[in-house]
Each structure stands twice: as C-alpha cells, then as structure tokens.
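Let's take a friendly walk through a protein model, going from its open spaces to its inside and its cross-links. Keep the picture in view as you read.

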Amino acid sequence: TCGVSVPLATCFGWDELVEFTERRAHEANVALPTPFFVDDVSLIGAESGQDEEKDMQLERAFFEAFPTRGDLVHWELFGEHDRCPIASLSHEEIDRYARDLSWLKDRLVERVEALRTLLLTPLSTTRLVYVHCEHGMDRTGEMIGAYQMRFMGKSYRDVVAFNDHVGTRPMQAENKCAMQWYCLWLQRQGVTSVGDCGLDASTRDEQRTPRAYLDANRPRA
C-alpha cells in the first residue's frame with residue numbers, strides 16, 4: 001500500500017509517463033531527446049476529493065525525492081459556476097466581466113502566460129511540460145484550450161471541438177465556461193482569431209437557463 005508498506009515516491013507512475021511520451025513522440029514522427037526534465041503542471045486538488053489529495057501527495061513526494069527528473073507546478077482549477085451560462089447575461093454584464101478577469105478563480109490570464117514561459121525557458125536538457133488533471137478532458141481541456149487560443153491562433157469553437165473529439169464526452173460546463181470567459185477577455189485584447197467565443201446568436205450552444213445548461217453538460221454515466 002502506498003505510503004504504508006511502499007514509499008510514496010515510488011508509487012508515482014514515472015515509467016508509464018516516460019513510455020507514453022516516447023510512444024506518442026514516435027507516432028508523431030518527433031525525435032524526443034533524452035534525458036528530459038518534466039514540468040508536471042498538475043490541475044488537481046484537495047477540493048475535488050480524497051482521491052485527488054492522494055494523487056497530489058504522490059506527485060509531491062516523487063519530485064521531492066527525484067528533483068533532477070522534474071518539478072511539480074500545482075495550479076488547481078475549478079471552472080466557473082456563478083457567471084454561467086454567459087448567454088444568460090446582458091451584453092453590458094458580459095463586457096464588464098470580460099474586461100478584467102481578476103475575479104476568475106482559475107487565474108487563466110496569468111497562468112497561460114506562465115505556461116508559455118515554461119515552454120520557452122531554456123534548460124541544459126530537454127524540457128517536457130506535462131499538463132494534466134484526473135481524466136484529461138475538463139480542467140486539462142480548459143487550460144490547453146486557453147493556451148491554444150492565446151498562442152496557437154485557435155478559435156473558441158476549434159478548441160471546444162478538439163476537446164470533445166479527444167475526450168470520451170463533452171467538457172464539463174464549468175470548465176467550458178471558464179475557457180469561454182478567457183476567450184471573451186482575449187477578444188477585448190484585440191485577438192480576432194478566437195472568433196465569436198460561442199456567442200453568435202444563430203449558433204450558440206448554451207441554453208439561456210443556467211440550470212438547464214449545467215444539467216445538459218454534466219458528465220454522462
């Protein structure tokens with residue numbers, strides 16, 4: 001049992017992570033130099049339950065025991081609940097909230113920039129930035145989707161379609177909403193590639209009733 005008969009640091013799936021990364025690099029015809037240093041950007045947290053708290057302990061113990069292999073970056077994400085669905089708000093409210101996202105608990109504005117800094121900061125060895133949550137669809141989709149809109153020229157609809165394609169179900173409503181607020185903030189910074197942020201009246205995918213929207217976007221059993 002991890003933490004009892006087996007040290008926590010040895011319970012982290014390092015070998016599985018390396019094997020998966022090498023396999024995906026091979027599939028993409030990318031030469032992956034070794035050794036590499038892993039920035040483990042973990043989006044999980046204690047507020048999501050005991051299982052995630054245990055996983056955080058495993059990650060923390062591993063990188064404390066093996067600091068030359070990587071570093072843990074902990075950015076717990078929650079999504080946005082209170083100001084959703086955005087289509088239920090007035091144009092004035094949307095504009096007011098979108099101009100300054102300091103209220104957004106997930107701090108996407110600063111964290112997307114910090115993620116960019118991680119990727120561009122040179123090391124003496126190869127840097128691998130590993131962004132993850134528990135299932136790789138909701139919080140990971142939110143963070144990576146925000147990054148793609150900011151630095152890769154993707155539209156909001158592009159990243160939603162991609163997240164839904166690679167996942168086993170649509171994104172959870174609260175993570176999709178946080179990403180949508182970030183899209184609206186980018187619009188107000190002059191970024192036109194994000195498109196309509198899903199708010200085109202003729203094709204919007206939200207319901208105007210907040211509860212109906214949240215219920216319709218809950219994970220499927």
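## Pockets first

The largest pocket has a volume of about 1300 Å³. Please bear in mind that this is a predicted model. Which residues lie nearest the centre of the largest pocket? They are Phe20, Arg24, Val129, Tyr130 and Val131, out of 32 residues that line it. Five elements each give two or more residues to this lining: H1, helix H4 (108-120), strand S3 (126-132), helix H5 (139-151) and helix H6 (156-166). Strand S3 gives the most, with 7 residues. By class, the lining of the largest pocket is made of 19 nonpolar, 9 polar and 4 charged residues.

The second largest pocket holds about 260 Å³ of space. Its lining includes Cys11, Phe12, Leu58, Tyr130 and Cys133. Tyr130 is worth finding in the picture, since that residue is among those nearest the centre of the largest pocket and also lines the second largest one. Helix H2 (50-65) and strand S3 each supply at least two residues here, and H2 has the largest share, with 3 residues. The lining of the second largest pocket divides into 7 nonpolar, 2 polar and 3 charged residues.

## The overall plan

Now step back to the whole chain. How many helices and strands does the protein have? There are 8 helices and 3 strands. Read from the N terminus, the elements follow the order α-β-α-β-α-α-β-α-α-α-α. Of the 221 residues in the protein, 43% are buried. The contacts also tell us about the fold: among those between residues at least 6 apart in sequence, 73% join residues at least 24 apart.

## Inside the protein

In soluble globular proteins, nonpolar side chains tend to be buried together. In this model, the largest nonpolar core has 52 residues, and the members that touch the most others are Val41, Met143, Met149, Trp181 and Tyr182. Helix H7 gives the most to this core, with 9 residues. Take Tyr182 as an example. Apart from neighbours within four places in sequence, Tyr182 is in contact with Leu101, Leu108, Val109, Val112, Ala146, Met149 and Arg150.

Two other residues are good ones to look up. Leu58 sits in helix H2 and is one of the residues lining the second largest pocket. Is Leu58 buried or exposed? Leu58 has a relative accessible area of 10%, so this residue counts as buried, because the cut-off for buried is under 20%. Leaving aside neighbours within four places in sequence, Leu58 is in contact with Cys2, Leu8, Cys11 and Phe12. Of these, Cys11 and Phe12 also line the second largest pocket. The C-alpha atoms of Leu58 and Pro7 are separated by 9.3 Å, although the two residues are 51 residues apart along the chain.

Thr21 belongs to helix H1 (residues 14-27). With a relative accessible area of 13%, Thr21 is buried. Not counting residues up to four places away in sequence, Thr21 touches Leu32 and Leu128.

## Two disulfides

What cross-links does the chain have? The structure holds 2 disulfides, set out here.

| Disulfide | Sulfur to sulfur | Torsion about the S-S bond |
|---|---|---|
| Cys84 and Cys177 | 1.7 Å | -90 degrees |
| Cys183 and Cys197 | 2.0 Å | about -85 degrees |

The link of Cys84 and Cys177 is left-handed. This pair joins distant parts of the chain, 93 residues apart: Cys84 is in the loop between strand S2 (70-74) and helix H3 (91-99), while Cys177 is in helix H7 (residues 173-188). Cys84 counts as buried at 6% relative accessibility, and Cys177 counts as buried at 0%.

The disulfide of Cys183 and Cys197 is left-handed too. Cys183 lies in helix H7 and Cys197 in the loop between H7 and helix H8 (210-216), so this pair ties together parts that are 14 residues apart in sequence. Both Cys183 and Cys197 are buried.

One more cysteine rounds off the tour. Cys133 is part of the lining of the second largest pocket, and with 8% relative accessibility Cys133 counts as buried.

Note on methods
Residues are numbered from 1 along each chain as its sequence is written. This is a predicted model: local features need pLDDT of at least 70, side-chain atom pairs count only at pLDDT 80 or more; totals for chains, interfaces and linings use all residues. Side-chain values use heavy atoms; hydrogens and water are left out. A disulfide is a pair of cysteine sulfur atoms within 2.5 Å. Helices (H or I, at least four residues) and strands (E, at least two) are DSSP runs, numbered from the N terminus. Buried means under 20% relative accessible area, exposed over 50%, partly exposed in between (1.4 Å probe, protein chains only). Contact means heavy atoms within 4.5 Å. On a 1 Å grid over the protein atoms alone, a cavity is a set of points where a 1.4 Å probe fits but cannot get out, and a pocket is an open set with protein on both sides within 12 Å along at least five of seven lines; lining residues have an atom within 4 Å of a point. Grid points are joined across faces, edges and corners, and a volume is the space filled by probe spheres set on the points. Ala, Val, Leu, Ile, Met, Phe, Trp, Tyr, Cys and Pro count as nonpolar, Asp, Glu, Lys and Arg as charged, and the others, Gly among them, as polar. A nonpolar core is a set of buried Ala, Val, Leu, Ile, Met, Phe, Trp, Tyr and Cys residues joined through side-chain atoms within 4.5 Å.
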